Amino acid sequence: MKPSAFIELRDLHLTSTIGTYGPKDVVPNSHILDLTLEVSPTLVQVPSDEMTHVFDYDPLIAQIDAIAAHQKYETQEYLMTLIAGACAQYDQIIGLDICLKKQPVLRSTGSLGVRLRLPYSDLLALRALLKN
């Protein structure tokens, strides 16, 4: 089996406004991001305890936070597309799994999420689109 490595971000509450709701609709009070980044195992099995050997995900998290807060979005899907574009800017990321959930969705319970998985070939295509 080929080695693989992942960086996982779970339960990040985004400061975002998504959707348009009527007076009787349940309005979500939270949008939660789960993000799994596939990276080379050489960025996880490192020769020494130095930041130069690992993927520094802090700038990506700051970028995602800025994207989420930038404007009101109509759909979770569009916000996810922008987050995928932000992730594609990092050559260290070779695979991506994004799940964006909103809660509550019914009488103060439940969550509803959208998931996007991009393997390496799709990330390469997205990188090419972003460079044009």
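**View 1. Tyr78 is partly exposed, with a relative accessibility of 44%.** Welcome to a tour of this predicted model, which starts with its aromatic rings. The structure contains two aromatic pairs. In one of them, Phe55 meets Tyr90 edge-to-face, with 5.6 Å from centre to centre and 80° between the planes. Phe55 sits in the loop between strand E3 (30-39) and helix H1 (58-70), while Tyr90 sits in the loop between helix H2 (76-88) and strand E5 (93-103), so this pair ties together parts that are 35 residues apart in sequence. Are these two rings buried or exposed? Phe55 is buried at 5% relative accessible area, and Tyr90 also counts as buried, at 17%. The other pair brings Tyr73 and Tyr78 together: their ring centres are 6.1 Å apart and their planes meet at 45°, so this pair is tilted. The 45° angle falls between the 30 and 60 degree limits, which is why the pair is neither stacked nor edge-to-face. Tyr73 is buried, at 2% relative accessible area, whereas its partner Tyr78 is partly exposed.

**View 2. Gln76 is a buried residue of helix H2.** If you zoom in on this glutamine, you will find a relative accessible area of 4%. That value is under the 20% limit, so Gln76 counts as buried. Where does the side chain of Gln76 reach? It comes to 3.3 Å from the backbone oxygen of Leu100. Leaving aside residues up to four places away in sequence, Gln76 touches Ile18, His31, Leu100, Lys101, Lys102, Leu112, Gly113 and Val114. Leu100 therefore appears both as a contact of Gln76 and as the owner of the oxygen that its side chain reaches, at 3.3 Å.

**View 3. Helix H1 keeps its buried residues on one side.** H1 is built from 13 residues and spans 18 Å from its first C-alpha to its last. That is close to the 18 Å expected at 1.5 Å a residue. Which residues of H1 are buried? They are Leu60, Ile64, Ile67 and Ala68. These four cover an arc of only 95° around the axis, which puts them on the same side of H1. As for their partners, the buried residues of H1 pack against strand E1 (5-14), E3, strand E4 (72-73), H2 and E5.

**View 4. Strand E3 pairs with both E1 and E5.** Follow E3 and you will see nine of its ten residues buried, so this strand is largely enclosed by the rest of the structure. E1 and E3 run antiparallel and are joined by eight bridges. Here Leu9 stands opposite Leu35 in E3. E3 and E5 are antiparallel too, with ten bridges joining them. Look for Leu37, which stands opposite Leu96 in E5. While you trace the strands, keep in mind that side chains of a regular strand alternate between the two faces of the sheet.

**View 5. Two backbone details, at Pro104 and Asp11, deserve a close look.** The peptide bond running from Gln103 to Pro104 is cis, and its omega is near -10°. Where is Pro104 placed? It lies in the loop between E5 and strand E6 (112-118). The other detail is in strand E1, at Asp11. Although Asp11 is not a glycine, its phi is positive, at about 60°.

Conventions
Residues are numbered from 1 along each chain as its sequence is written. This is a predicted model: local features need pLDDT of at least 70, side-chain atom pairs count only at pLDDT 80 or more; totals for chains, interfaces and linings use all residues. Side-chain values use heavy atoms; hydrogens and water are left out. Rings of Phe, Tyr and Trp (its six-membered ring) pair if their centres lie within 6.5 Å; planes under 30 degrees apart count as stacked, over 60 as edge-to-face and the rest as tilted. Helices (H or I, at least four residues) and strands (E, at least two) are DSSP runs, numbered from the N terminus. Buried means under 20% relative accessible area, exposed over 50%, partly exposed in between (1.4 Å probe, protein chains only). A polar contact is a pair of N or O atoms within 3.5 Å; within protein, one must be able to donate a hydrogen and the other to accept it, and residues adjacent in sequence count only if both atoms are side-chain atoms. Contact means heavy atoms within 4.5 Å. The expected span of a helix is 1.5 Å times one less than its number of residues. The arc is that of the directions from the helix axis to the C-beta atoms. Two strands pair if DSSP finds at least two bridges between them.
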